[in-house]
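Notebook open, model loaded. I want to go through side-chain pairs, strand pairing, surface and backbone oddities, in that order.

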Amino acid sequence: MSQLDFYLGEEDKIDLMSFVFSEGGYIIPALQYDELNYTVIKSTEDYLPFVNRSILLFIVHESYFKEPLTWGTIEKEGKELFYIPQRTGGPTIDFYSPGIINKDQIRFIGQGSISYYTS
């Protein structure tokens, strides 16, 4: 596994995703979904609502994407929800960025990472 750790604010995350889109890539937020249909984001404008909503994104580009992403299920409050587990399908580049964190009345930028698993 290759990994790069960093501290990114909101503008930095938007700039990075804008670069991904300019290179023909797209992102898939690691969210809990109500149905087996994940969100595909292909533009900065479409990414803006997710900047602070999804702290984990899967970066995809057709040049290395070989297998469909798979689904996992969890039950929450009596309802079945779906999620995309890391390292299944793809491969993808995992972009983890928690953004601003409030802890003990102190605000700081949480440590993020960009990771790539070859399998």
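**Salt bridges**

I searched the whole structure for salt bridges, meaning a side-chain nitrogen of Lys or Arg within 4 Å of a carboxyl oxygen of Asp or Glu, and the search came back with 1. Asp34 and Lys79 are the partners, with 3.2 Å from N to O. Asp34 sits in the loop between strand S2 (26-29) and helix H2 (44-47) and Lys79 in strand S5 (residues 79-83), so this pair ties together parts that are 45 residues apart in sequence.

Ground rules before I go on: this is a predicted model, so I note that local features need pLDDT of at least 70 and side-chain atom pairs count only at pLDDT 80 or more, while totals for chains, interfaces and linings use all residues. Residues are numbered from 1 along each chain as its sequence is written, and side-chain values use heavy atoms, with hydrogens and water left out. My helices (H or I, at least four residues) and strands (E, at least two) are DSSP runs, numbered from the N terminus.

Next I looked up accessibility for the two partners. I call a residue buried under 20% relative accessible area, exposed over 50% and partly exposed in between (1.4 Å probe, protein chains only). Asp34 is exposed at 53%, and Lys79 is partly exposed at 41%.

**Aromatic pairs**

How many aromatic pairs does the structure hold? I get 5. For these, rings of Phe, Tyr and Trp (its six-membered ring) pair if their centres lie within 6.5 Å; planes under 30 degrees apart count as stacked, over 60 as edge-to-face and the rest as tilted.

One of them is Phe6 with Phe95: the ring centres are 5.8 Å apart and the planes are at 15°, so I log the pair as stacked. Phe6 belongs to strand S1 (residues 2-6) and Phe95 to strand S6, so the pair ties together parts that are 89 residues apart in sequence. Both Phe6 and Phe95 are buried.

Then I checked Tyr38 and Trp71, whose ring centres are 5.7 Å apart with planes at 35°, so this pair is tilted. It links distant parts of the chain, 33 residues apart: Tyr38 is in the loop between S2 and H2, and Trp71 is in the loop between S3 and strand S4 (72-76). Tyr38 is partly exposed at 25%, and Trp71 is partly exposed too, at 27%. Following the ring pairs, I find that they link Tyr33, Tyr38, Trp71 and Phe82 into a cluster.

**Strands around S6**

I counted strands as paired if DSSP finds at least two bridges between them. Strand S3 (residues 56-60) and strand S6 (residues 93-96) run antiparallel and are joined by 4 bridges. Here Ile59 stands opposite Ile93 in S6. S6 also pairs with strand S9 (residues 112-116), again antiparallel, over 4 bridges, and Tyr96 stands opposite Ser113 in S9.

Just past S6 I stopped at Ser97, in the loop between S6 and strand S7 (100-103). Is Ser97 buried or exposed? Ser97 is buried, with a relative accessible area of 2%. I listed its contacts (heavy atoms within 4.5 Å): not counting residues up to four places away in sequence, Ser97 touches Phe6, Leu8, Lys13, Ile55 and Gly112. Phe6 is the one I had already met in the stacked pair.

**A nonpolar patch**

For patches I took residues with over 30% relative accessible area and no salt bridge, joining like charges within 9 Å and nonpolar side chains (Val, Leu, Ile, Met, Phe, Trp, Tyr) within 5 Å. Tyr7, Ile100 and Ile109 form a nonpolar patch on the surface, together with about 290 Å² of accessible area (Shrake-Rupley method, 1.4 Å probe, only the protein chains shown as cover for residues). Ile109 is in strand S8 (residues 106-109) and is partly exposed at 31%.

**Backbone oddities**

Most residues other than glycine have a negative phi, and most peptide bonds are trans. So I looked for departures from that.

The peptide bond from Gly90 to Pro91 is cis, with omega near 5°; Pro91 lies in the loop between S5 and S6. Arg87, in the loop between S5 and S6, has a positive phi near 65° and is partly exposed at 48%. Glu77, in the loop between S4 and S5, has a positive phi of about 55° although it is not a glycine. Glu77 is exposed, at 81%.
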